[in-house]
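Biologist: I should like a close look at a single part of this structure. Please take the sequence and the coordinates as shown here.

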Amino acid sequence: MSDVVAQQATEQEPEIDLSIADAIIDKYIDLPGNLMPVLQAAQDEYGYIPRLVADHIAERLNVYPSQIYGVLTFYAQFHLKPRGRFIIRVCVGTACHVQGAPRIVETFFDKLGIGHAETTPDLRFTFEKVACLGACGMAPLAMVNDSTYGGMTVQKVDDIVADYSQRPLK
Amino acid sequence: MVNLTIDDKQVTVPRTATIYEAAKLNGINIPILCHDKKLKPFGACRMCLVEVEQMKGRQIPACTTPVTEGMIIRTSTPDIIKARKMVLELLLLNHPLDCPVCDKSGDCDLQNLTYEYQVNSNRFTDEKFHHEIDYNNPLIERDMNRCVLCGKCARVCDEIVSYGALTFIDRGIETKIGCEFDDALNCEFCGSCIAVCPVGSLLARPFKHKARWWAMTKQKSVCGYCGTGCNLTLGVKDNKVLTTIYDEDQGFHKGQLCVRGRFGYQFINSDKRLTKPLVKKNGVLTESTWDEALEIVAGRLKVGSSVAALATPRLTNEELSLFRTMLLENVGTKNFDHAAGYAHSALTEGFAGSFGATASSANILDIQKSDFLLVIKTDAYETHPVVGFEVNMAVKNKGVRLSILSDKRGKLSKLPDAKTLVHMPGSEVAVLNAIAKIIIDEKLVDASAASIAGYAEFEKALSAFSAEAIAAQVGIVASDIKKLASEYAAAEKALIIFPTGQAYTGHNADLANAVANLAILTGKYGKEGCGVLCLSEKNNSQGAVDMGFYAQDGGLNSLQILDACAAGTVKTLFIAGENPLVSYPDRNRVKAALDAVEFLIVSELFLTETAATADVVLPVCSYAEKDGTFTSTDRRVQYIKPAIRKNVQIKTDFEIFSDLISRLGGQAPLRPAAQFEKIASNTPGYFGMSHITLQKDGAFAPVKITPAFVTPHALATVAPETGKLALVTGSALYHSGSLSQYGEGPMHVCPEGYIELSRSDASANKIAENDMITVSSATGSMQLKAKVSLRMPAGVVFAPYHFSTAPINTIWSGAPVTMVTLVK
């Protein structure tokens with residue numbers, strides 16, 4: 001492993017500030033059935049659920065760590081690994097598929113160097129194929145966070161990647 | 001009651017029954033994989049589908065459907081059989097079908113149902129699972145490829161054990177049973193999950209490839225470790241105990257066991273067992289004959305009054321009673337005792353004064369029938385794990401409230417809504433007396449209390465125990481003590497539980513009196529779900545007290561006997577199964593006594609540290625090789641019969657005492673049954689019992705209570721010393737006394753002594769997990785491995801006492817709290 005990659009790998013595990021989790025737990029501590037809102041809020045804050053945070057939530061809410069892991073792996077909405085600053089979603093539903101979505105997906109793979117549900121080492125991009133984004137008239141469709149890009153082409157993929165590569169990470 | 005028809009049979013069942021239970025009650029067997037009678041219905045496996053006429057056309061699961069009046073149920077129509085066959089086909093689709101090498105084969109529900117329903121082909125095809133098998137711990141193997149996802153392991157771990165190691169992870173076809181973050185299993189290893197697993201997904205590793213299920217005989221017995229009195233089924237082949245077998249109908253605990261009971265049986269067939277009598281010749285223990293050894297022993301015992309004896313409360317009632325008879329009548333000494341002389345004082349002094357009986361006023365079955373539990377020390381879970389399961393179930397399933405008074409937090413503190421008051425070590429009696437004062441001051445006293453003997457003096461003496469004064473001394477807020485007092489007094493039924501044992505010196509007569517005073521004050525005794533329950537340490541601790549095997553009428557107690565040995569007034573010491581060098585406080589004191597005594601006789605299973613210093617060592621039988629009775633901590637007298645034949649070269653303690661009595665010119669009964677007849681005729685509560693009547697479930701020896709208040713005396717407080725930490729001793733979950741060191745299972749997971757300390761003390765002393773620490777007290781110094789935990793309060797450290805390799809009595813001289821320093 002080259003030094004650069006090793007450095008990137010350590011950068012992926014930044015120091016985790018448990019006071020953020022504590023603030024969330026304090027807010028929900030008296031709410032019956034508080035596990036889901038706490039996990040959702042923790043994911044909003046940390047971008048994913050780090051193990052340290054899961055264990056801390058288990059301790060504070062007096063829930064088995066195993067039970068939290070069961071919930072985290074049951075729902076697709078939770079992520080156990082850090083996610084990118086920009087989440088690129090490309091629709092591969094029927095309409096988009098017919099309009100060439102597979103080529104859009106392939107181009108993103110090439111440009112980003114990652115596959116489905118993966119994150120770039122610099123935590124800039126996470127790429128996901130999704131079944132339908134509900135805007136078939138704009139097929140083929142891509143989204144970056146909350147921005148929608150209709151009528152996608154291979155050229156537009158380049159533009160999107162170039163654009164978001166310039167933007168600040170924080 | 002509800003009337004319904006099952007398979008054309010008119011039946012009447014309780015309103016709360018499910019269809020499955022209704023059928024079972026009436027002898028109709030519905031096949032099922034995900035049901036266990038102790039667990040809540042789950043409805044996972046779909047094997048128990050039945051037809052209900054009123055729900056026409058639907059197949060419904062019997063295990064989750066409650067009965068209703070007039071239901072007409074059919075359990076095995078052609079459609080139902082077809083559906084069950086398909087369920088089996090689907091289960092077998094991904095199952096590896098490696099039955100020839102699976103240890104579950106023969107006892108496997110999936111295999112048996114496949115056979116019963118003749119599923120000899122499969123219409124579906126799919127890939128098998130490729131989950132990695134978890135071999136990371138020495139006791140429990142997890143092979144998720146064989147799993148049928150019944151969820152019983154995860155449920156038993158939650159509902160009964162309350163550990164929560166296992167859960168369903170992932171979703172859909174990916175679903176499997178696993179631990180958090182898919183880690184290797186690392187839990188308390190009670191093996192309850194193994195017991196309930198219907199297939200070979202969870203297996204006892206020590207039993208792997210030892211024997212086929214059908215090749216073993218299954219022998220009922222009673223566990224030989226703690227005082228809970230759990231029933232066991234031992235799997236025996238070729239006269240060896242190879243495993244323990246789950247029987248959900250066995251005992252009050254319905255077959256549940258802890259790590260010691262399930263995995264600690266290996267000492268029975270250990271190759272370290274003594275097989276020949278040893279006699280010291282020219283300073284060396286040399287193999288001898290029984291005749292020579294017993295003749296030498298009898299010769300020494302004839303000296304009479306300079307003889308003293310210590311016995312382990314692991315012997316049967318018959319043995320202890322015969323030993324006592326021999327000492328009193330044939331030897332002529334009153335100097336005999338057990339459990340270091342103080343571990344039984346809660347019963348023999350405490351309850352004797354408070355209740356007029358040397359036994360607890362409540363039994364284990366009261367736990368789930370109570371409304372409010374007060375546990376003194378979270379260690380009650382570690383010392384008596386299956387009693388701990390009862391507490392878990394009471395709190396989680398029955399909504400019983402739990403308060404804990406302890407010097408540290410523990411597993412019980414994590415139960416839902418459990419309140420733990422953490423006090424400074426050694427101050428529990430002061431808090432209990434403060435509670436009594438609050439109950440009187442707040443006029444929460446039961447109407448019966450004022451007329452009970454000793455009330456006036458008791459009330460007067462309590463003036464020294466105001467909540468505010470005590471709170472400041474013990475480090476609890478006064479309002480918390482008041483709240484606990486009012487909750488205890490207000491509960492309709494309340495039960496107090498506390499463990500005792502050789503490592504719990506503070507749990508003595510004072511503590512027993514303090515809790516008994518509370519129960520008497522509020523009238524919470526002698527009724528269902530009420531009273532006080534002392535958890536005695538060893539499997540027959542209560543029996544040893546009932547047999548009167550302790551210092552009475554001027555006889556010397558254990559520690560006095562040791563001092564008399566050192567002083568030369570006791571010249572012959574007979575130790576039956578105790579290992580004082582490891583388990584009694586103050587190793588130097590014990591060593592001086594054993595070195596000084598002229599003649600030391602030890603009867604033992606193993607050449608323990610104590611036995612190695614003896615002049616004569618007599619090899620004896622374990623509980624699995626003899627018959628007799630054990631009395632559990634709540635006075636359930638249970639009969640054991642030999643599970644295996646004993647080695648012809650060893651004797652039971654009973655045979656040894658009988659032989660010695662005849663050598664001393666007396667007449668001894670030949671069989672334990674005859675000795676038990678004597679016991680039954682002269683032991684209160686045992687009247688009418690016999691080996692024959694006890695054979696099935698045993699019987700409770702009733703306790704007759706004559707209440708009296710025992711006046712508390714001023715208590716010495718342990719002053720904190722700067723730079724020092726307060727060491728409290730106790731039991732580790734995996735061990736019981738020093739015997740479990742010879743059980744391989746417990747030693748796999750907890751092989752050595754350790755010192756447990758808080759995170760803040762660890763960081764203040766720059767100590768990390770597993771660092772070797774020099775622990776020093778006024779009496780000595782030793783090396784222990786550090787264990788950093790969340791449960792310890794700052795300034796308090798804990799060490800278990802079981803280990804010969806790190807005997808804690810080098811630094812502990814018997815005080816409830818010892819001030820120590822830690823150096824890395």
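Which residue follows helix 8 of chain B, and what is the sign of its phi?

Modeller: Residues are numbered from 1 along each chain as its sequence is written, and chains are lettered from A, with ligands numbered from 1, in the order in which they are written. The model is predicted, and local features need pLDDT of at least 70, side-chain atom pairs count only at pLDDT 80 or more, and totals for chains, interfaces and linings use all residues.

Helix 8 of chain B is followed by B:Gly332, whose phi is positive, near 90 degrees. Helices here are DSSP runs (H or I, at least four residues) numbered from the N terminus. Helix 8 of chain B covers residues 317-331, that is 15 residues, and spans 20 Å from its first C-alpha to its last, close to the 21 Å expected at 1.5 Å a residue; the expected span is 1.5 Å times one less than the number of residues.

Helix 8 of chain B is mostly covered, with 12 of its 15 residues buried. A residue counts as buried if 20 or more other C-beta atoms, placed from the backbone, lie within 10 Å of its own. Among the buried residues of helix 8 are the nonpolar B:Leu320, B:Leu322, B:Phe323, B:Met326, B:Leu327 and B:Val331, but B:Asn317, B:Glu318, B:Glu319, B:Ser321, B:Arg324 and B:Asn330 are buried too.

As for the wider setting, domain 3 of chain B comprises 278-341 + 542-700, with bounds from an automatic or database domain assignment. The C-alpha centres of domain 1 of chain B and domain 3 of chain B lie 54 Å apart.

Conventions. Helix = DSSP H or I, 4+ residues; strand = E, 2+ residues; numbered from the N terminus.
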